Amino acid sequence: TVSKAVCTTLLRDELGFDGVLFTDDLAMRGIRQGDEPLVDVCVRALNAGCDVLLSCTEHSEHPALLAGLGDALASGALSAARVAESAARVRALKARIARSAVTG
């Protein structure tokens with residue numbers, strides 16, 4: 001989930017996967033490094049190449065996560081180009097689902 005070598009180099013570059021890459025639940029303690037803030041895990045996952053971030057248990061943190069991701073964009077810890085790549089993949093998936101529902 002947070003390994004660029006796996007998410008980008010292996011999956012996308014070597015295996016040619018161009019679909020949407022979802023994370024596991026980032027709120028799980030197994031993925032965090034010590035007391036690492038959840039937003040830092042989210043930034044690491046996006047930078048690794050994930051497109052959709054899942055935080056399934058710590059719902060009260062979602063507004064702070066969004067603000068933190070905005071801060072990461074503003075500081076350069078997360079690039080707008082990287083976020084745009086993910087947004088494009090998600091939009092393409094939504095379009096494919098919509099077409100499938102119509103042609104069902």
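**Close-up views of a predicted model**

**Figure 1. Confidence by element in the predicted model.** In this protein, mean confidence is lowest in β1, at 93, and highest in α1, at 97. The model is predicted, and the mean pLDDT of the protein is 93. Of its residues, 99% reach 70 or more. Where pLDDT is low, the predicted coordinates should not be read in detail.

**Figure 2. Helix α2 and its surroundings.** Helix α2 spans residues 38–48. It is largely enclosed by the rest of the structure, because eight of its eleven residues are buried. The buried residues are L38, V39, V41, C42, V43, A45, L46 and A48. They pack against two strands, β1 and β2 (52–54), and against the helices α1, α3 (62–75) and α4. Just after α2 comes G49, which takes a positive phi of about 125°.

**Figure 3. R44, a partly exposed residue of α2.** R44 has its place in helix α2. Its relative accessibility is 22%, so R44 counts as partly exposed; the cut-off for buried is under 20%. Leaving aside residues up to four places away in sequence, R44 touches V2, I31, Q33 and E36. Between R44 and K4 the C-alpha to C-alpha distance is 8.8 Å, with their positions 40 residues apart in sequence.

**Figure 4. S86, a buried residue of α4.** Helix α4 covers residues 80–103 and contains S86. Its relative accessibility is 4%, and S86 therefore counts as buried. When residues up to four places away in sequence are not counted, S86 touches L46, C50 and D51. Of these contacts, L46 is itself one of the buried residues of α2, and α4 is among the elements against which the buried residues of α2 pack.

**Figure 5. A nonpolar surface patch with L15.** Three residues, V6, L10 and L15, form a nonpolar patch on the surface. Together they have about 260 Å² of accessible area. L15 lies in the loop that runs between α1 (4–14) and β1 (22–25). At 60% relative accessibility, L15 counts as exposed, because the cut-off for exposed is over 50%. By contrast, S86 in the preceding view counts as buried at 4%.

Methods. Residues are numbered from 1 along each chain as its sequence is written. This is a predicted model: local features need pLDDT of at least 70, side-chain atom pairs count only at pLDDT 80 or more; totals for chains, interfaces and linings use all residues. Side-chain values use heavy atoms; hydrogens and water are left out. Helices (H or I, at least four residues) and strands (E, at least two) are DSSP runs, numbered from the N terminus. Buried means under 20% relative accessible area, exposed over 50%, partly exposed in between (1.4 Å probe, protein chains only). Contact means heavy atoms within 4.5 Å. Patches are made of residues with over 30% relative accessible area and no salt bridge: like charges are joined within 9 Å, nonpolar side chains (Val, Leu, Ile, Met, Phe, Trp, Tyr) within 5 Å. Accessible areas come from the Shrake-Rupley method with a 1.4 Å probe; for residues, only the protein chains shown count as cover. A salt bridge is a side-chain nitrogen of Lys or Arg within 4 Å of a carboxyl oxygen of Asp or Glu. pLDDT is the predictor's confidence in each residue, from 0 to 100.
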